[in-house]
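This report describes a structure with more than one chain. Please look over the sequence and the model before reading on.

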Amino acid sequence: MAIHNLGYRHCEGQRGSHRTRWLVLTENGIRRAWASAWLRRMLFFAWLPSVLMGFMIFLYEQSESTDDPFTRAFIQMGTALLEPGGQGNMQPSGMLGFLREKDDHPGETRHLFWSSLLLTLFRRSQPFILIPMLGVITPPMVSQDIRSRAFLLYFSRPLSRTQYIVGKLATVIFYVLLITLMPALMLFCTGLLLSPDLSVLTSTGDLPGRILLASLLIAVPAASLSLMLSSLTTESRFAGFAWFSIWIFGAFTAAILSNSTWGDASSPLKYLSLFEVFSEVAGSILDPQLASSNLEEPVSILAVITAVSLAVLFRRISAPMQV
Amino acid sequence: MPALIELHNLTKKYDRFTALDSITLSISPGVTGLLGPNGAGKSTLIKVLLGLVSTTSGTGSILGLPLGEETQQLRSQIGYMPEDDCYINGLTGIESMQLAARLCGMDRTEALRRGHEILDFCGARQERYRRVDTYSTGMRQKLRFALALVHDPKLLILDEPTTGLDPEERDAMLNRISILSRDFSISVLLCTHILPDVQAVCEHVLILGAGTVRISGSMQDLCRVQTPRFELRVSGAAEEFSRQLQNRGISVLECNGDSLSVLGHPEEHTTQIWQAAAELGEIVRSVVPAANSLEKLFLEAVQETEHGNS
């Protein structure tokens, strides 16, 4: 017997509330996911676009503080080169256009420019990190618990099935927000720090709320769907395969059907692509020029995806107990 | 003494299959053996007690708390060691213990301290720092026992706790169960197929068959025979000894090799036994009061179930 073995002793310590038990699962999930070197690499690449966009904000704000025509021309040329492009009619009027309009309506133009950058971040860069990142972290989250029968260990303790789901969801949402909300807020803060006057607060004050809303509307359905796929199998690679398939085949199918004779760009068939759904939502929330656009359809689709995913997830978690 | 578990007309049906059929029972504090053939309803009963499945009808209480209500409160007072090989993937032994303790409300530091303390009690050594998926069957068994104990439960439900253990570890496990019950007043519901384990540590026995209670009572009462008798072993042939005892008015029920089964209490016939031995020049090797074996009781219960089904 080890000298430190005190034998069995009763435990007299204070116990925490039942209601916060899901936080333990979340903390454990975050720690385990962080152990993946792939995840850390992806997070690094997820933050690179926001660094680039921070530099664009720097150039934009610099163009105001200098009167030297050569410097200004150089900055204009630089911002034109950095312009992400490819945003079709949602793009305000191009970076050079921003700079031309800037002197006349500084507050409005700044808001338009910032929201355009944020939209680019949400629509063009983050989905390409979000998909592989969730493809790495979520497939084993429920499937391995089913495989190793960990449910008996979890649910024989004061932890309800709802708390289990909330704990797992919060883990995934944490990482999604880490590549959507956090870089976008950092970008916003960078803009604030680089702005020459305090009027920036009034002209862009609505953006943090919009960023938060857009991030949550992406994070919650994506987390629910990926966890549901994980719960459908005991082999995490199948869940990963299903996750990538939904995105890739959905995008292909939507593209093919939208270009066919009985489909067009405004057809609801485009929503077969999750890219398109998330893109529409982010576009409607972040780009003030599209404020009148139809937000109901994509949000309804995301609500249905979330509700169905959570219902299936709950059922799959309850199933092992019924045997 | 208030009952630990009380169930009244409890029924659990899975679609058309009745897993528990109007069970009424009362289990006292202490160590209780839960026995029954496969499909008798043991696992379902355990899941009902833990609130993992809802009952179809009936009422009950565990540790004074009503069944099906205040499930979280109830689970914080029950430790469950599943029979299945279950573990939380990717964690080491001590991390699993810490997580289990934290899920029961302990803070991080206290959970870690408690985890080490219980692993020490369960005889786990440096393997606690290895990932659980690399553990042997016996080590996983010990870890599951430790996980059930980590939050200091009032009731321990152990499903096949000695399966997969070597004889030395099996004795150690049974010894731990006895210590917990005797010295720390932790009640234990021991579900097993290994009858000697039940005989070694249990004070009460509950035998289920086809979803109903076949036998329930204290081990002492159940093993006591209806008609007092004792087993006598002698050095030579038992037949001649049997004749001598019968000549002295003692009823011999059975005579086999060097042993005899004799009716009555041994202390009533001491003089006649010694006289017969002296007369025949034989040595009396042992005189043991007869008892019902648990195996016999179990087989009777199972046979009753089979007859009932046919």
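Leaving aside its neighbours within four places in sequence, which residues is L118(A) in contact with? The residues are A184(A), L187(A), L207(A), I211(A) and L286(A). The model is a predicted one, and the values below are computed from it.

**The nonpolar cores**

L118(A) belongs to the largest nonpolar core, which has 151 residues. Together with V176(A), A146(B), I157(B) and L190(B), L118(A) touches the most other members of that core. Apart from this core lies another, of 11 residues, including L232(B), F241(B), L260(B) and A276(B).

**The two chains**

The table sets out some values for chain A and chain B.

| Chain | Residues and share buried | Helices and strands | Contacts at least 6 apart in sequence that join residues at least 24 apart |
|---|---|---|---|
| Chain A | 323 residues, 41% buried | 14 helices, zero strands | 77% |
| Chain B | 310 residues, 45% buried | 11 helices, 14 strands | 67% |

Read along the sequence, the pattern of chain A is α-α-α-α-α-α-α-α-α-α-α-α-α-α. For chain B, the C-alpha atoms fill a box of roughly 75 × 50 × 35 Å along the principal axes.

**Where the chains meet**

How many residues of chain A are in contact with chain B? There are 31 residues of chain A in contact with 36 residues of chain B. On the chain A side, α1 (21-34) and α7 (151-155) each supply at least two residues. The largest share, four residues, comes from α1(A). By type, the residues on this side of chain A divide into 12 nonpolar, 13 polar and six charged.

**A residue in a helix of chain A**

V166(A) has its place in helix α8 (residues 161-179) of chain A. Is V166(A) buried, partly exposed or exposed? V166(A) counts as partly exposed because it has 17 C-beta neighbours inside 10 Å, while a buried residue needs 20 or more and an exposed one has 12 or fewer. In sequence, V166(A) is 141 residues from L25(A), yet in space the two are 8.9 Å apart, C-alpha to C-alpha.

**The sheet of chain B**

Chain B has an open sheet of six strands with mixed pairing, in the order β6-β7-β8-β3-β9-β10. Its edge strands are β6 (78-81) and β10 (212-218), each of which pairs on one side only. From one strand to the next, the twist averages 15°.

Strand β3 (residues 31-35) and strand β8 (residues 187-191) of chain B run parallel and are joined by four bridges. T32(B) stands opposite L189(B) in β8(B).

Two helices of chain B pack on the sheet. Helix α5 (residues 137-149) touches β6 and β7 (155-159), and its direction makes about 170° with that of β6(B). Helix α6 (residues 167-184) touches β3, β7 and β8, and its direction makes about 150° with that of β8(B).

Another pair in the sheet runs antiparallel: strand β9 (residues 204-209) of chain B is joined to β10(B) by six bridges. V205(B) has G217(B) in β10(B) as its bridge partner. β9(B) and β10(B) form a hairpin with two residues between them. In the turn, A210(B) has a positive phi of about 50°.

**A closer look at helix α5 of chain B**

From its first C-alpha to its last, α5(B) reaches 19 Å, close to the 18 Å expected for its 13 residues at 1.5 Å a residue.

How many of the 13 residues of α5(B) are buried? The helix is mostly covered, with 10 of its 13 residues buried. Among them are M139(B), F145(B), A146(B) and L149(B). Q141(B), K142(B) and R144(B) in α5(B) are also buried. A146(B) appears again here: it is one of the residues that touch the most other members of the largest nonpolar core.

What covers the buried residues of α5(B)? The cover includes β6, α3 (93-103), α4 (108-121), β7 and α6 of chain B, together with α7 of chain A. The same α7(A) supplies at least two residues of the side of chain A that touches chain B.

How values were computed. Residues are numbered from 1 along each chain as its sequence is written. Chains are lettered from A and ligands numbered from 1 in the order in which they are written. This is a predicted model: local features need pLDDT of at least 70, side-chain atom pairs count only at pLDDT 80 or more; totals for chains, interfaces and linings use all residues. Two residues are in contact if their C-beta atoms, placed from the backbone, lie within 7 Å. Ala, Val, Leu, Ile, Met, Phe, Trp, Tyr, Cys and Pro count as nonpolar, Asp, Glu, Lys and Arg as charged, and the others, Gly among them, as polar. A nonpolar core is a set of buried Ala, Val, Leu, Ile, Met, Phe, Trp, Tyr and Cys residues joined through C-beta atoms within 7 Å. Two strands pair if DSSP finds at least two bridges between them. Axes are lines fitted to C-alpha atoms, for helices over the stretch in contact, and angles run from 0 to 180 degrees between N-to-C directions. The expected span of a helix is 1.5 Å times one less than its number of residues.
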